[in-house]
Amino acid sequence: MAVAQPHWSRQLIFTLAGNPAVTRFVTHYGMRLGASRFVAGEDLDAALAVARRLNQEGFPLAIQFLGEHVTRPEAAEAAVEEYLRLLAALEERGIDAYLSIKPSQMGLAVDEELAYANCRRILERTATVGRFVRIEMEDSPYTERTLRLYRRLRQRFDTGHVGIVLQAYLYRSAQDLEALADLEPNIRFVKGAYNEPASVAYPNKADVDRNYRQLVQRHLERGHYAAIATHDDRLIEDLLAFIERRGIPRDRFEFQMLYGIRPQLQRAMRDRGYTMRVYVPYGREWYGYFVRRLAERPANVGFVLRNLLRG
């Protein structure tokens, strides 16, 4: 969701992160070096403490239990059980949050039927208590399967119970938006944070920004709900100007930002009276998420290096 960076710097970070020695080092020391700025702890209790504090500060939340690309049904089952524990804890404590779920964590790489069954199990529970679930969008090999999964879930659950994500850096997203229009979908719009080749994704920030504006505007013009997930000041102000010109009511959109990134801007948006939802991840499988945050903004790399130098 953060500002896209030159392709070479993103590629360098992803290349270094894929080195086994770097992976071992960051996994061992990463929370101390700076991962804790972006991840609300490694267990549910830590995440709930952060969630309660953010709610008290006036922020609704989207909470994700970290994990992706599972290769065993048992791992997907464990993730489902954790989400059900999370849901029970949110209900017990009255925390204002919805669940955000990665299809590959639900077993999409193993079997589409398995992923559907696992998502459906969670949604059947969330729907009974009136909570929402967002189906995440991951790297491009999963895009088509994720959209199929979302369509199947929408056959059983309405748009108030389940939503989807579109990534502005993918060439295909404009076409996907059109194909989803009949579902009146609740969509979170992000720029995209995975290491995608130029054959499937815009490599230049200006093109991603342009596509982002067009996607959000087209969606809002149809009267559908948009979660505007960006930390980019110019994009925010451009879209707010569009919203004001078109007279779009505030209950048709919200802003979303990541935990630990630009908290001052988050508070500023809240203070301006907009719904400002904070995306809160937790869990031990934080490495991939952490790498993507570093790749999005050089300032994040600088933060980690400063912590490393402090020892």
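1. Accessible area is here the area obtained by the Shrake-Rupley method with a 1.4 Å probe. By that definition, the protein chain of this predicted model exposes about 13200 Å², and carbon and sulfur atoms supply 51% of this area.

2. The protein chain has 311 residues, of which 54% are buried. Its secondary structure consists of 12 helices and eight strands. Of the contacts between residues at least 6 apart in sequence, 75% join residues at least 24 apart.

3. Seven aromatic pairs are found in the whole structure. One of them is formed by Phe65 and Tyr282, whose ring centres lie 5.4 Å apart; the pair counts as tilted because the planes meet at 45°, and tilted covers angles that are neither under 30 degrees nor over 60. Phe65 belongs to strand 1 (residues 61-65) and Tyr282 to strand 8 (residues 276-282), so that this pair links parts of the chain 217 residues apart. Both Phe65 and Tyr282 are buried. Together with Tyr83, these two residues form one aromatic cluster.

4. Phe253 and Tyr274 make a further tilted pair, with ring centres 6.2 Å apart and planes at 45°. Phe253 lies in strand 7 (residues 253-258), whereas Tyr274 lies in the loop between helix 10 (263-271) and strand 8; the two are 21 residues apart. Phe253 and Tyr274 are both buried.

5. Tyr274 also takes part in a contact of another kind: the charged end of Arg250 sits over its ring, 4.0 Å from the centre. In addition, the charged end of Arg152 sits over the ring of Tyr116, at 3.9 Å from the ring centre.

Technical notes: Residues numbered from 1 in each chain as written. Predicted model: local features only at pLDDT ≥ 70, side-chain atom pairs only at ≥ 80, totals over all residues. Heavy atoms only, no water. Helix = DSSP H or I, 4+ residues; strand = E, 2+ residues; numbered from the N terminus. Buried < 20%, exposed > 50% of the residue type's maximum accessible area, 1.4 Å probe, protein only. Contact = heavy atoms within 4.5 Å. Phe/Tyr/Trp six-rings, centres within 6.5 Å; stacked < 30°, edge-to-face > 60°. Lys NZ or Arg CZ within 6 Å of the ring centre and 35° of its normal.
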